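Me: I would like to go through this model step by step, asking about its packing and its backbone. Please reason briefly before giving each answer.

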Amino acid sequence: MHGATGIGSLPGTDIDEAAKIVVGELPDLPHVPELPARGVGADMIGRTAGLLVDLAIEVITSGYRVNPRPGRDHRLAVDLLRGDLDAFDEALERAGAQPETVKVQAVGPWTLMSNIELMRGHRVLTDRGAVKEFSESLAEGLKLHAAEVAKRTKAKVVVQLDEPGLPAVLQGLLPTPSKLGTVAAVPEPDARGVLAVVIEALKDHEVIVHCCAPHPPLTLLREAGAAAIAFDATLIKGAAALDEIGETWEAGTTLALGLVPSTDPGTPVTLKDVGQRAFGLVDRLGFPRSILAEKAMATPTCGLAGATSGWVKRALSLTRDLSSSFLEPPEGW
């Protein structure tokens with residue numbers, strides 16, 4: 001798995017335009033865009049909940065809650081996603097593009113279960129039975145979704161699981177319903193086991209796990225079976241984090257390095273600015289620079305939902321150029 005790709009989200013509410021931009025700017029690994037600005041059902045939790053098999057959710061004042069049967073909120077998420085797949089197909093067709101690989105994104109089990117409440121108001125992840133039910137339902141739903149996208153696009157499908165909430169789950173930082181305490185930390189073996197169930201169900205697909213928190217749990221994600229791990233490489237600090245990156249590469253896992261700013265920094269950004277971080281990282285870790293061609297991908301630092309439309313195109317073209325520089329470093333780098 002290599003090339004340039006986006007994390008998932010884009011700004012605005014026009015799915016046809018978003019799909020056209022992604023297909024145009026990221027020809028090697030285009031992804032089905034997500035437009036959270038459309039509201040309920042288009043946000044990452046609602047969208048993924050729409051993929052669940054035999055489980056439904058509804059919107060309540062505090063967020064999302066399990067619902068005995070699919071209602072309006074659930075149907076909205078399903079309809080939006082179906083429309084997005086149609087728009088993606090049309091964009092590929094209009095561009096005359098037949099990519100070998102395309103990418104879909106969904107929230108991973110821990111971030112999903114952190115953000116949905118059971119009927120009693122507690123988070124799904126606090127109930128062992130519910131954890132098993134949700135992770136199996138998500139695994140099944142993702143398998144069906146990936147198969148549908150493969151059939152539509154006649155391409156290999158990479159599945160990205162977004163786990164921005166995983167570090168808080170592992171550290172026990174989530175508040176309880178009363179807000180007076182925090183939910184107990186989930187032990188690493190349990191967290192890894194649940195992720196492994198979902199990744200194993202997708203064994204016909206390569207799975208990327210994305211975590212843009214400052215300390216992504218790289219070892220846990222690798223051991224859970226992720227073929228690639230995407231993270232914000234601009235947030236990495238300290239020797240321990242660097243060591244873990246080195247160990248992950250040594251183990252043969254691909255790293256999707258988030259290096260291109262996801263919002264306009266207000267000052268000019270050159271390819272060299274973003275590229276030198278990647279080459280500096282490799283040099284510091286003592287790997288040959290060829291590892292960037294073999295075991296790295298280029299991405300923006302996170303989703304682009306907060307970007308201006310002008311910056312989206314700039315960020316994606318920088319990402320594509322960065323990917324080319326991994327294969328052939330420019331003179332003087």
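Me: Is the crossing of α3 and α5 left-handed or right-handed?

Reply: The model is a predicted one, and in it helix α3 (residues 72–95) packs with α5 at an angle of about 25°, their axes being 11 Å apart. Angles under 35 degrees count as roughly parallel, and α3 and α5 are therefore roughly parallel to each other. As for its hand, the crossing of α3 and α5 is right-handed.

Me: How many residues of the contact of α3 with α5 are nonpolar, how many polar and how many charged?

Reply: On the α3 side the contact is made by Leu81, Arg82, Leu85, Asp86, Phe88, Asp89 and Leu92, and on the α5 side by His145, Glu148, Val149, Arg152 and Thr153. Sorted by type, the residues of this contact of α3 with α5 come to 5 nonpolar, 2 polar and 5 charged.

Me: At what angle do α1 and α12 pack, and why do they count as roughly parallel?

Reply: Helix α1 (residues 15–25) meets helix α12 (residues 309–327) with the axes 10 Å apart, and α1 passes α12 in a right-handed crossing. The contact is made by Ile21, Gly24 and Glu25 of α1 together with Val312, Lys313, Leu316, Ser317 and Arg320 of α12. Since angles under 35 degrees count as roughly parallel, α1 and α12 are therefore roughly parallel to each other, their packing angle being about 25°.

Me: Which helix gives the largest share of the largest nonpolar core?

Reply: The largest nonpolar core has 100 residues, and those with the most contacts inside it are Trp110, Ile116, Trp249 and Leu257. The largest share of this core amounts to 8 residues, and these come from helix α5 (residues 128–153).

Me: Which residues is Trp249 in contact with, leaving aside its neighbours within four places in sequence?

Reply: Trp249 is among the residues with the most contacts inside the largest nonpolar core. With those sequence neighbours left aside, Trp249 is in contact with Leu255, Leu257, Leu281, Val282, Leu285, Phe287, Ile291, Leu292, Lys295 and Ala296.

Me: Is Lys154, which has a positive phi although it is not a glycine, buried or exposed?

Reply: Most residues other than glycine have a negative phi. Lys154, however, has a positive phi of about 55°, and Lys154 lies in the loop between α5 and β6 (156–162). Exposed means over 50% relative accessible area, and because Lys154 has 66% relative accessibility, Lys154 counts as exposed.

Technical notes. Residues numbered from 1 in each chain as written. Predicted model: local features only at pLDDT ≥ 70, side-chain atom pairs only at ≥ 80, totals over all residues. Heavy atoms only, no water. Core = buried A, V, L, I, M, F, W, Y, C linked by side-chain atoms within 4.5 Å. Buried < 20%, exposed > 50% of the residue type's maximum accessible area, 1.4 Å probe, protein only. Helix = DSSP H or I, 4+ residues; strand = E, 2+ residues; numbered from the N terminus. Contact = heavy atoms within 4.5 Å. Axes fitted to C-alpha atoms, helices over the stretch in contact; angles between N-to-C directions. Parallel < 35°, antiparallel > 145°, perpendicular 65-115°, else oblique. Left-handed = near helix turned anticlockwise from the far one by under 90°. Nonpolar A, V, L, I, M, F, W, Y, C, P; charged D, E, K, R; others polar.
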